[in-house]
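Trainee: Hi, I'd like to go through this protein with you before lunch. Can I just throw questions at you as they come up?

Mentor: Please do, and bring up the picture so that we can both look.

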Amino acid sequence: MKKRLLSMVLCLTMTASLFMGGCGSKAEEVEPQPEQDLVTEFVEEGEDPEPGSIPEGMARSYLTGEWVDEDVASNRPVGIMIENSKAAQPGYGTSQADVIYEFEAEGGISRMLALYSDFSGMDRWGNVRSAREYFCYTAIAWDAIYVHFGGAIEAYQKIFDLGIMDDIDLMSADNCYSFRSSDKKAPHNAYTTSEDIEKSIEGHGYSTKLDDSFDGYFRFNKYDDQEIELDGEDAKVISAYQSDCKPYFVYNEDEGVYERYEFGSKHMDAYYDKQLAFKNVLIQITSVDAYYSDIDGHDRVDVGLVGTGKGYFATNGKAIEVTWKCDSEGGVTRFYDASGEEIRLNQGKTMVCVVDDDNESKTGVYASLDDYNSAK
């Protein structure tokens with residue numbers, strides 16, 4: 001019999017308020033809930049699993065949980081700031097990212113932070129756009145080297161000028177490490193290459209290796225011969241709503257991954273001619289509030305990354321509701337199931353979709369594409 005690791009949450013009584021309230025700097029804390037009769041257990045089919053032996057010269061990737069070359073496993077991630085407007089499509093190199101975060105920026109247009117443990121071999125990477133505070137804090141949590149093309153004044157004053165993270169600004173002294181393509185109009189045509197990023201990292205004197213104290217961000221299934229199967233809702237389609245690109249994911253049962261769509265078609269990487277696909281999809285619902293910046297006179301967005309709120313975790317065609325928690329700006333965000341246990345992801349690529357709580361009614365999981373289309 002094929003062995004499976006089945007994560008089951010048995011719940012006799014549970015109030016919906018457990019998952020209420022997205023948070024940010026101005027979000028309210030979730031009140032403690034009455035004690036509930038919850039049991040979390042792992043049910044296994046077949047023999048008790050034994051962790052596999054470590055392959056020679058290999059180590060677990062902090063980004064995917066998979067076995068990779070031990071030199072790659074110890075690399076600090078490189079995080080590329082990717083534009084995700086219609087005018088910027090298609091992206092280049094995005095399908096090779098180990099982890100991608102999506103946030104809303106000004107005007108409802110989303111941007112992405114693509115994290116790579118191995119960024120070699122690319123001669124067109126991007127397009128690269130300007131930094132925002134909330135992307136910086138995410139990069140800090142991963143100890144990533146953050147690559148961007150300029151940025152909001154708040155990012156400079158609160159992060160870059162203080163030297164609290166290692167970044168490569170392709171718009172400043174590093175502009176020799178980027179180029180503009182002729183097939184798109186500015187500002188949608190700024191790109192960089194693996195070689196140029198390597199030269200810039202060397203020029204800055206940045207360390208390329210993770211500190212020994214870094215113990216990872218995500219928690220992964222440690223067994224190579226079986227996968228986590230959630231005892232949750234059918235999730236053949238996932239909506240992680242953004243008002244501009246309207247993204248959704250469709251589960252490919254043959255490949256065991258969620259394929260991403262946006263702007264009404266496949267979300268493609270032009271460099272590899274490949275659709276973006278993920279083993280795990282996390283949705284983090286929180287406050288996304290527009291404000292006017294008195295510093296530079298531009299509209300900005302404040303994303304609530306500190307506090308606690310609700311969301312979803314989907315893998316292998318099933319999904320559960322989760323609670324996310326983060327204690328500080330630049331801190332690690334943890335995701336917990338209904339019993340309060342930190343979730344484990346399946347080995348593979350992950351996308352984290354940070355969704356405005358105003359769009360919560362348009363965000364969720366569906367048993368089929370017909371169900372999703374009917375709900376739109």
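Trainee: Which are the buried residues of H2?

Mentor: They are Glu133, Tyr134, Phe135, Cys136, Tyr137, Thr138, Ala139 and Ala141. Keep in mind that we're looking at a predicted model. Helix H2 runs over residues 133-141, and eight of its nine residues are buried, so "mostly covered" is a fair description.

Trainee: And what follows H2 with a positive phi?

Mentor: That's Asp143, with a phi near 55°. Asp143 also turns up in a salt-bridge network, where shared partners join it with Arg76 and Asp166.

Trainee: Back to H2. How many residues does it give to the largest nonpolar core?

Mentor: H2 gives six, the largest share of that core. The core has 45 residues, and those with the most contacts inside it are Tyr101, Trp142, Tyr146, Phe160 and Phe218. Other elements that supply at least two residues each include strand E6 (99-104), helix H3 (153-160) and strand E26 (318-326).

Trainee: What does Tyr101 touch, then, beyond its sequence neighbours?

Mentor: Not counting residues up to four places away in sequence, Tyr101 touches Arg111, Met112, Leu113, Leu115, Phe135, Thr138, Trp142, Tyr217, Phe218 and Val352. Two of the H2 residues we listed, Phe135 and Thr138, are among them. Tyr101 also belongs to a ring cluster, linked by ring pairs with Phe103, Tyr134 and Phe135.

Trainee: What about another core, how many residues does that one have?

Mentor: There is another one apart from the 45-residue core. This other core has 40 residues, among them Ile80, Ile82, Phe149 and Leu170. As general background, nonpolar side chains in soluble globular proteins tend to be buried together.

Trainee: OK, rings next. How many aromatic pairs does the structure hold?

Mentor: It holds 21. One of them is Tyr116 with Trp125, edge-to-face, at 4.9 Å centre to centre and 65° between the planes. Tyr251 and Tyr258 make a tilted pair, with 5.0 Å between centres and 50° between the planes.

Trainee: Are Tyr116 and Trp125 buried or exposed?

Mentor: Both Tyr116 and Trp125 are buried. Tyr251 and Tyr258 are buried too.

Trainee: Where do charged side chains sit over rings? Start with Arg124.

Mentor: Arg124 lies over the face of Tyr92, 3.9 Å from the ring centre. Lys325 does something of the kind with Tyr336: its charged end sits over the ring, 5.3 Å from the centre.

Trainee: Switching to salt bridges, how many does the count come to?

Mentor: The count is 16. Take Glu227 and Lys279, whose side chains meet at 3.0 Å, N to O. Glu227 is in the loop between helix H4 (194-204) and E13, while Lys279 is in the loop between strand E21 (277-278) and E22, so the bridge ties together parts 52 residues apart in sequence.

Trainee: Why does Lys279 count as buried and Glu227 as partly exposed?

Mentor: Lys279 counts as buried because its relative accessible area is 8%, under the 20% cut-off. Glu227 comes out at 32%, which puts it between 20% and 50%, so it is partly exposed.

Trainee: And what about Arg260 and Glu262, buried or exposed?

Mentor: Both are buried. Their side chains form a salt bridge at 2.8 Å, N to O. For another example, Asp215 bridges to Arg219, with the closest N and O atoms 3.8 Å apart. Asp215 is partly exposed at 49% relative accessibility, and Arg219 is partly exposed at 22%.

Trainee: I also flagged Gln284. Which strand is it in, and what is it in contact with?

Mentor: Gln284 is in strand E22 (residues 280-286). Leaving aside neighbours within four places in sequence, its contacts include Leu305, Lys310, Trp324, Phe335 and Val354. Gln284 has 3% relative accessibility, so it counts as buried.

Trainee: Last one, the overall view. What does the secondary structure come to?

Mentor: It comes to five helices and 29 strands. Of the 376 residues, 54% count as buried. Among contacts between residues at least 6 apart in sequence, 67% join residues at least 24 apart.

Notes. Residues are numbered from 1 along each chain as its sequence is written. This is a predicted model: local features need pLDDT of at least 70, side-chain atom pairs count only at pLDDT 80 or more; totals for chains, interfaces and linings use all residues. Side-chain values use heavy atoms; hydrogens and water are left out. Rings of Phe, Tyr and Trp (its six-membered ring) pair if their centres lie within 6.5 Å; planes under 30 degrees apart count as stacked, over 60 as edge-to-face and the rest as tilted. Buried means under 20% relative accessible area, exposed over 50%, partly exposed in between (1.4 Å probe, protein chains only). A charge sits over a ring if NZ of Lys or CZ of Arg is within 6 Å of the ring centre and within 35 degrees of the ring normal. Helices (H or I, at least four residues) and strands (E, at least two) are DSSP runs, numbered from the N terminus. Contact means heavy atoms within 4.5 Å. A nonpolar core is a set of buried Ala, Val, Leu, Ile, Met, Phe, Trp, Tyr and Cys residues joined through side-chain atoms within 4.5 Å. A salt bridge is a side-chain nitrogen of Lys or Arg within 4 Å of a carboxyl oxygen of Asp or Glu.
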